[in-house]
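Notebook open, coffee ready. Today I'm looking up how one chain is put together.

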Amino acid sequence: MPPRRRFGRKPLRRPGPASGRGRPTRPHGFGRPINPRMQRELRRAIHLMHTGAHLNAAQIFTSLAQRAQDRAILGPASMLFIQSGLAYLYGAQGESGVEQAYNGLKLLAAEQHLEALQREGGRFVTALEEQGLTEEATELRAWLSGQLGDHTHASKAEHKYQVPEQCPYCGASMSLEQLSGLNARAAECHYCGSVVRSTQMD
Ligand SMILES: [Zn+2]
């Protein structure tokens with residue numbers, strides 16, 4: 001029998017990302033992961049950060065963030081913008097760093113990912129202070145408390161599952177966060193959006 005060939009049939013359209021407001025928000029997780037090619041670029045950028053080539057890394061992070069945003073992969077897009085911000089900051093380009101970080105933090109705020117906003121915003125405030133940019137740090141802290149309002153989250157108390165320290169897909173360290181509910185045995189990478197199994201702790 002000759003192999004069946006699928007000419008002339010339109011592939012089923014996948015439902016695209018819902019647009020605009022009123023999109024149901026997921027309690028955790030940011031949606032789809034970035035594609036394998038972008039994951040490879042991300043690994044390269046993370047490697048460059050480790051070797052101190054911060055500005056080269058920053059360019060890759062920015063490019064990845066913009067492409068992720070264009071594809072409505074907003075969770076990774078926001079984290080990539082923030083990572084780009086850190087890379088510029090460590091590369092002594094504080095102004096670009098702040099600009100990129102706000103791009104990411106505003107995405108998190110718009111998507112109502114308040115827990116991530118608090119965590120990542122706080123991390124960037126600390127980074128600004130470490131670089132001696134105290135004025136920028138104060139401004140960001142004020143902006144964050146305006147965005148968060150009453151929604152300051154306590155840090156998670158219990159961890160029943162062990163999350164791998166490094167994302168096997170993009171190589172980011174400490175980027176995996178335990179999911180809850182039905183997905184409690186899985187963790188999601190903030191950077192590439194991949195979902196990884198976590199192991200139960202004794
Ligand atoms: Zn990852």
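Before listing elements, I noted what counts: helices (H or I, at least four residues) and strands (E, at least two) are DSSP runs, numbered from the N terminus. From the N terminus on, I read the order α-α-α-α-α-α-β-β-β-β-β. That gives the protein chain 6 helices and 5 strands.

Note to self: this is a predicted model, where local features need pLDDT of at least 70 and side-chain atom pairs count only at pLDDT 80 or more, while totals for chains, interfaces and linings use all residues. Residues are numbered from 1 along each chain as its sequence is written.

**Entry: the core**

I looked up burial next. A residue is buried if 20 or more other C-beta atoms lie within 10 Å of its own, exposed if 12 or fewer, and partly exposed in between, with C-beta atoms placed from the backbone. Of the chain's 202 residues, 36% count as buried.

Then I went for the largest nonpolar core (buried Ala, Val, Leu, Ile, Met, Phe, Trp, Tyr and Cys residues joined through C-beta atoms within 7 Å). It has 47 residues, and Phe61, Leu80 and Tyr191 have the most contacts inside it. At least two residues each come from α1 (36-50), α2 (54-70), α3 (74-90), α4 (94-110), α5 (114-130) and β3 (186-189). Which element gives the most to this core? It's α3, with 10 residues.

I checked Leu80 too, taking a contact as two C-beta atoms, placed from the backbone, within 7 Å. Leaving out residues up to four places away in sequence, Leu80 touches Phe61, Leu64, Ala65, Ala68 and Tyr191.

**Entry: helix pairs**

I took axes as lines fitted to C-alpha atoms, for helices over the stretch in contact, with angles from 0 to 180 degrees between N-to-C directions. The axes of α3 and α4 come within 7 Å and cross at roughly 160°. So α3 is roughly antiparallel to α4 (angles over 145 degrees count as that, under 35 as roughly parallel, 65 to 115 as roughly perpendicular and the rest as oblique). Their contact has 13 nonpolar, 9 polar and no charged residues. For those classes, Ala, Val, Leu, Ile, Met, Phe, Trp, Tyr, Cys and Pro are nonpolar, Asp, Glu, Lys and Arg charged, and the others, Gly among them, polar.

I did α5 and α6 (residues 134-148) last: their axes come within 8 Å and cross at roughly 170°. That makes α5 roughly antiparallel to α6. By class I found 9 nonpolar, 4 polar and 3 charged residues in this contact.
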